[in-house]
Each structure stands twice: as C-alpha cells, then as structure tokens.
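Grab a pencil and work through the exercises below. Try each task yourself before you read its solution.

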Amino acid sequence: MDRRKFLGNLSSPIVAACAACIFQSCSKGDSGGSTNPSTVPGGTSGVNFMIDLTNNLTSVGSSVVNSGVIVVRLATGNSVSSFTAVQVACTHQGTSINYDTSAGNFLCPNHGSRFSNTGNVINGPATTALKQYNITISGNTLTITG
C-alpha cells in the first residue's frame, strides 16, 4: 500500500473520533459548570472531615468547601445550630452552589435554583433536595460526617 492511500485510510477514523468528541462536549446537556457524578443528586457518601473553628468559619455567612460539601456559619457561637453542611453540587446539573448571605440560602449560579439552609428546594429548576450532612462540635473542632 502506498503512503497516500495509507494516510487516507488512517485519517477518516481519526476525524470521526474527533468530531464525536467535539459534539459531545457541546451537547445541550452541558451545564457549563463543574459536574461530579458522585454528588448528583444524592451527595457524596463516606464524608468525614474536621474544621478548626479557631481559624475557619469565624464570621456569619462564611463558608468552607471540602470533600464535596459546603459548610456555612449561620449564626454566632459554636453550637451545632450555628452551622449547616450540604452537598456543594446542585441537584439539577451539578454546578457548585454558593451561600447567598443576604437571602440566607443557597443559590446555584447556573440556572438559579435556590435551596434552604437544610438543603430543601425553594425554587427550581432543581427538584431534588441537597444532601444534608451531620455536624458535631467538640471544643473548637467542627466535624462533618455523612
């Protein structure tokens, strides 16, 4: 087989594979955000981490993201009710949510879904609640499990 025929036979499958990759990445279902299939919609399981409250989450509205979980300080004091911990991935398309301090709830910047401090859907397009994680506090150490 001559070189021109060989290259012609080789290039067709490569072009087809590249086209498939390009069309897949631009599909209608692309959220434009970060999607982690392990956190949509049920949240990450097997979470277990600690936060030192001496240096982190020191002001109301501050947040920390760790292991697919967003932890927010809702009030002053180091009691369990002063914090919330929910999955960071929106249950609609997996985009990372943010805490909206002025509204006192979670907001998905991709399509505008809002969730309460406990993860319940306030308005969609999301229809599934965020997974809420367990919080315990011992001294200045906050532990998240779930």
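## Exercises on a predicted model

F106 is buried, with a relative accessibility of 0%. Keep that residue in mind, as it comes back in Exercise 4. The model you're looking at is predicted.

**Exercise 1. Work out how far you can trust the model, and where to be careful.**

Step 1: Start with the average. The protein chain has a mean pLDDT of 80, and 69% of its residues score at least 70.

Step 2: Look for a weak stretch. Over residues 10-39, pLDDT stays under 50. For that stretch the model has 16 contacts beyond four places in sequence.

Step 3: Draw the lesson. Predicted coordinates shouldn't be read in detail where pLDDT is low.

**Exercise 2. List the elements of the chain, then describe the open sheet that contains β1.**

Step 1: Count. The protein chain has one helix and ten strands. Going from the N terminus, the helix comes before the strands.

Step 2: Put the sheet in order. Three strands make up this open sheet, in the order β1-β10-β9, with antiparallel pairing.

Step 3: Find the edges. β1 (48-52) and β9 (134-138) each have a single partner strand, so one side of each has no neighbour in the sheet. From one strand to the next, the twist averages 20 degrees.

Step 4: Zoom in on one pair. β9 and β10 (residues 141-145) are antiparallel and joined by five bridges. Here T136 stands opposite T143 in β10.

**Exercise 3. Decide how enclosed strand β3 is, and name its partners.**

Step 1: Check burial. Five of the five residues of β3 (residues 69-73) are buried, so the strand is largely enclosed by the rest of the structure.

Step 2: Split the strand by face. In a regular strand, side chains alternate between the two faces of the sheet. One side of β3 holds V69, V71 and R73, the other I70 and V72, and all of these are buried.

Step 3: Find the partner before it. β2 (residues 63-66) pairs with β3 in the antiparallel sense over four bridges, and V64 stands opposite V71. The two strands form a hairpin with two residues between them, and S67 in the turn has a positive phi of about 55 degrees.

Step 4: Find the partner after it. β4 (residues 83-87) is also antiparallel to β3, over five bridges. V69 has Q87 in β4 as its bridge partner.

**Exercise 4. Map the nonpolar cores and locate the aromatic pair.**

Step 1: Begin with the largest core. It has 13 residues, and F49, I51, V69, V71, A85, L142 and I144 touch the most other members. β1, β3, β4 and β10 each supply at least two residues of this core.

Step 2: Follow one member. Beyond four places in sequence, L142 touches several residues, including F49, I51, V71, F83 and I137.

Step 3: Look for another core. Apart from the largest one lies a core of twelve residues, among them V72, C90, I97 and F106.

Step 4: Search for aromatic pairs. The whole structure has one. Y99 and F106 form it, with 5.2 Å from centre to centre and 70 degrees between the planes. Since over 60 degrees counts as edge-to-face, this pair is edge-to-face.

Step 5: Check burial for both rings. The cut-off for buried is under 20% relative accessible area. Y99 has 15% and is buried, and F106, at 0%, counts as buried too.

Methods: Residues numbered from 1 in each chain as written. Heavy atoms only, no water. Phe/Tyr/Trp six-rings, centres within 6.5 Å; stacked < 30°, edge-to-face > 60°. Buried < 20%, exposed > 50% of the residue type's maximum accessible area, 1.4 Å probe, protein only. Pairing = 2+ DSSP bridges. Axes fitted to C-alpha atoms, helices over the stretch in contact; angles between N-to-C directions. pLDDT = per-residue confidence, 0-100. Contact = heavy atoms within 4.5 Å. Core = buried A, V, L, I, M, F, W, Y, C linked by side-chain atoms within 4.5 Å.
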